[in-house]
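Biologist: I am a first-year student learning to read models, and I would like a close look at a single part of this one. Please choose one chain, take me through its helices with care, and then show me how that chain sits against its partner.

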Amino acid sequence: MSRLNPKRMLLGAVFAALMTGGALAQDRELVIAQGIDTPGFDIHNHSTSAVEAIHVNIFDYLVMRDQAGELQPALATDWEQVSDSAMRFHLREGVLFHDGTTMTAEDVKFSLERPALDPAVLQHSFYDTITEVEVVNDHEIIIHTDGPDPILLNRISRIGSGIVPKAYVDEVGWEGFSQKPIGTGPFKVVEWLRDDRIIMEGFDEHWRGAPAWDRLIHRTIPEASTRVGELISGGVDIATNIPSQDRDRVEGSGIAHAVPWPSFRVMQLFLNTKDDSPLADPKVREAIDLAIDNQMLIDTVTNGLGTPVRAAVTPGLSAVPMAYYDTYNFDPERAVQLLEEAGYGPNELQLKLQGPAGRYPLDVETLEIVAVMLNAVGIQTEIETLEWSAYESRVWTPNTIDGIALIGHANSLQDGYHAVQRARCGFEFSLKTGWCNEEFDKLIEQSAATVDPEERAQQISDAFDLFVASNTVLHLFQVENLIGVSTSVDWSPSPDEQLWMYDAQPQ
Amino acid sequence: MTNYIIRRILQMIPVLFGVTLLVFLLLRVSGDPVQLMLGEDATAEQVAQLRAAMGLDRPLHVQYISYMSDLLRGDFGTSIRYNNQPALQVVLERLPATAQLAGMALLVAIVISLPAAIIAAYWRGRIPDYIASFLSVLGQAMPSFWFGIMLILVFGITLSWLPVSGQDQPGAVILPGLALGASLAGVLTRLLRSSLLEVMNQDFIRTARAKGLHPRTIIFRHVLRNSILSYLTVIGLETAALMAGAVVTEQVFAWPGIGLLVIQAINFRDMAVVQAVIILSAIIVMMTSLIVDILYSLIDPRIQHG
């Protein structure tokens with residue numbers, strides 16, 4: 001579908017007509033462009049969702065999320081809990097790897113035990129509840145965990161849970177595999193040119209059936225304006241992270257649309273309540289929450305891309321109280337009143353706003369608008385932004401926020417527990433904000449051992465309520481990116497940030 | 001001459017040593033890669049664990065000594081951005097793309113600057129001179145980032161004559177070559193123009209004119225030949241700079257050369273790759289300047305190296 005050069009098409013048509021005596025056949029090619037390259041195909045050794053977005057086309061999981069974010073059978077056809085700490089999976093029969101060998105339970109054991117048991121791989125901490133993958137027979141396994149693990153299915157449907165062929169990895173090693181991978185997915189890797197392109201071919205023997213495309217090309221184009229240029233000149237069919245200011249240009253081209261692409265990332269303000277900070281007063285924190293007009297922030301900074309939230313909840317996550325989604329508190333008059341009650345007249349309270357520059361789209365602008373909104377209720381602000389790694393090493397990791405700090409958190413386990421568990425006393429969030437709440441800690445710990453989904457969701461929801469009411473972390477909005485999709489491709493992005501191209505159809 | 005060459009090569013050793021130390025320190029001071037690798041989602045425990053596994057928790061001097069002892073054995077370390085591939089291999093595989101772009105940029109620069117400078121010098125103080133001088137200042141003054149995007153807009157998108165980006169399609173090197181060559185053409189035109197003018201004012205040219213030689217013969221046989229030395233020197237040194245990668249141009253055109261590699265490596269704090277690129281660049285620059293100096297003495301016997 002890429003570059004439709006009239007001259008080349010004509011030549012191609014003449015050539016094809018000569019070769020086939022009139023029957024015209026053209027390769028169906030789909031080209032995707034992203035700003036980053038894959039680090040390789042060692043699926044256990046990266047933690048980037050944009051990389052996973054491409055890998056899903058090459059490797060299958062046991063269970064996979066559908067467009068609605070619901071878990072669906074993939075390489076496992078069904079599963080059941082056999083005890084509090086064990087789950088049985090029946091594997092799909094007749095699944096072939098790209099090299100023609102058949103997938104067996106041994107491959108599954110091999111693929112899942114590496115992140116679970118090898119602390120040296122980057123994905124280990126997301127799999128370390130798994131103690132063993134027991135092979136029952138060629139098409140049945142039991143995953144044993146170190147206790148009840150209510151989010152086991154979340155773990156094995158994300159980064160690092162692709163199934164790879166044991167025999168091939170044994171032969172070439174992980175280094176070799178990372179260069180020339182083999183999976184069971186609908187596309188197989190033919191060639192990888194670093195920082196340039198990954199060339200994939202449709203895998204005709206794929207268990208879902210052959211994909212609609214002969215070739216899938218993933219191009220690395222770091223510069224956003226160049227990505228847009230390729231999209232509107234027909235050079236690529238799908239381009240991620242289109243700047244919001246280019247939206248009209250893409251729509252106006254007539255050959256592509258700029259489609260909102262919601263992410264799991266939520267922009268948040270962390271309030272340091274430690275020591276003698278004025279933020280130790282709950283009234284001051286509530287005033288800040290009430291002073292921020294989340295919707296106006298979204299409209300001003302991102303041209304309306306994003307959804308206001310009161311907690312780190314987004315569609316597609318399990319066990320999250322969605323009441324906090326698409327809502328916000330804004331009452332500047334009450335904010336002024338609360339500040340007065342706390343003993344601060346107009347412009348008597350001074351606060352610093354810290355944040356990274358260039359880590360997230362429009363991060364500095366976000367802080368600037370927040371500062372304006374705080375000024376409007378009589379809070380004096382000073383903005384300090386740093387390049388990401390300086391911010392990370394001087395402010396974020398050492399837990400030395402001076403006032404208020406901006407961060408964007410995604411949710412790599414796609415579950416509510418992961419969104420709040422680090423607010424427990426002594427954990428990362430609490431070390432930054434200074435907030436500790438025994439009841440909250442108890443709820444989180446109970447939820448970690450509760451297998452019943454409803455009971456667990458209630459516990460997590462109650463924990464969310466306490467956390468949100470503390471106003472120690474103020475949630476601003478869910479980040480929505482723009483993805484450019486050519487009018488010649490029928491495909492809609494899913495809520496889990498994946499570029500699942502098996503669903504894409506030519507049109 | 002041989003002594004001179006040996007002395008120059010020996011002089012490179014302390015320079016290279018200084019380069020490694022500087023790069024090593026700057027990279028460590030500006031932050032470490034662990035949080036970038038793990039993302040905001042990581043727990044403090046994960047960060048500490050990975051930092052230890054990568055040896056980044058050791059004192060700086062211990063890290064530097066271990067880095068240097070590996071380097072002396074030819075081991076540049078492994079890339080963290082590219083799943084532990086050898087850093088040197090990751091860098092070397094980019095050389096052909098960078099060489100191709102550098103060649104194109106040089107070609108553009110020479111094809112533009114040579115005639116432009118001659119025209120400007122020949123019609124000094126007249127309209128062709130003003131036009132050539134204006135264009136050469138423009139070439140130098142335009143940010144290559146902006147010029148690159150303009151080229152893409154006009155030739156890639158509006159006219160669809162050339163590929164917008166990447167390396168694989170025929171003609172893909174033309175736009176980045178133009179973007180990169182334009183400013184070099186500006187420098188070279190101005191340089192050659194002034195050295196042509198200098199030579200044209202000398203006595204032997206006046207003699208040649210008085211003898212009634214054809215102006216074309218005077219320009220090409222006498223003036224150009226005597227002005228070309230500084231032109232060639234700058235081309236030589238610019239070639240070295242181009243081989244170190246054109247960061248902005250490669251980024252704009254998604255050209256998979258060394259410039260794109262190094263900017264991505266810096267963003268990811270891929271220390272081994274950044275170090276390898278800078279050490280190789282330093283070697284290329286020093287070797288080129290040595291070669292230029294040697295060629296100098298061959299072209300112009302008045303220059304002697306004792």
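Modeller: What follows is a walk through chain B, then its contact with chain A, and last a helix pair in chain A to set beside it.

Please keep in mind throughout that this is a predicted model. Chain B is built from 14 helices and 0 strands, so that its pattern, read along the sequence, is simply α-α-α-α-α-α-α-α-α-α-α-α-α-α. Along the principal axes, the C-alpha atoms of chain B fill a box of roughly 85 × 60 × 30 Å.

The UniProt record, an unreviewed entry, places a feature called "domain: ABC transmembrane type-1" at residues 95–296 of chain B. In the model that span is 81% helix and 0% strand, and its end C-alpha atoms lie 27 Å apart. The unreviewed UniProt entry also lists residues 101–123, 144–164, 170–192, 228–247 and 276–299 of chain B under "transmembrane region". Two of these stretches can be set against the model: residues 101–123 of chain B are 96% helix and 0% strand, with 33 Å between the end C-alpha atoms, while residues 276–299 of chain B are 100% helix and 0% strand, with their end C-alpha atoms 34 Å apart.

Next comes the way the helices pack. Two packed helices are described by the angle between their axes and the distance between the axes. In chain B, helix α6 (residues 95–122) and helix α9 (residues 174–200) pack at an angle of about 35°, with their axes 6 Å apart. The crossing of α6(B) and α9(B) is right-handed, and the residues of their contact divide into 25 nonpolar, 4 polar and 1 charged.

A second pair in chain B is formed by helix α11 (residues 215–243) and helix α14 (residues 271–299), whose axes come within 9 Å and cross at roughly 165°. Because of that angle, α11(B) and α14(B) count as roughly antiparallel to each other, and their crossing is right-handed. From α11(B) the contact takes B:Leu229, B:Leu232, B:Thr233, B:Gly236, B:Leu237, B:Ala240 and B:Met243, and from α14(B) it takes B:Ile284, B:Val285, B:Thr288, B:Ser289, B:Val292, B:Tyr296 and B:Ile299. Sorted by kind, the residues of this contact between α11(B) and α14(B) are 10 nonpolar and 4 polar, with no charged residue.

We can now turn to the partner chain. The size of an interface is often given as the accessible area lost when the parts come together. Between chain A and chain B about 3900 Å² is buried, and carbon and sulfur atoms give 44% of that area. In chain A, the residues that lose the most area to chain B are A:Leu122, A:Arg194 and A:Asp195, which together make up 18% of what that side buries. The contact as a whole draws on 54 residues from chain A and 48 residues from chain B.

Finally, chain A offers a helix pair to read in the same way. The axes of helix α16 (residues 438–448) and helix α17 (residues 453–470) of chain A come within 9 Å and cross at roughly 155°, and α16(A) and α17(A) are therefore roughly antiparallel to each other. Their crossing is left-handed. Among the contact residues are A:Phe440 and A:Leu443 of α16(A) and A:Ile460 and A:Leu466 of α17(A), and the residues of this contact between α16(A) and α17(A) divide into 7 nonpolar, 3 polar and 3 charged.

Definitions and conventions:
Residues numbered from 1 in each chain as written. Chains lettered and ligands numbered in written order. Predicted model: local features only at pLDDT ≥ 70, side-chain atom pairs only at ≥ 80, totals over all residues. Heavy atoms only, no water. Axes fitted to C-alpha atoms, helices over the stretch in contact; angles between N-to-C directions. Helix = DSSP H or I, 4+ residues; strand = E, 2+ residues; numbered from the N terminus. Parallel < 35°, antiparallel > 145°, perpendicular 65-115°, else oblique. Left-handed = near helix turned anticlockwise from the far one by under 90°. Contact = heavy atoms within 4.5 Å. Nonpolar A, V, L, I, M, F, W, Y, C, P; charged D, E, K, R; others polar. UniProt positions renumbered as here; feature names shortened; annotations may be inferred. Buried area = accessible area lost by both parts, 1.4 Å probe.
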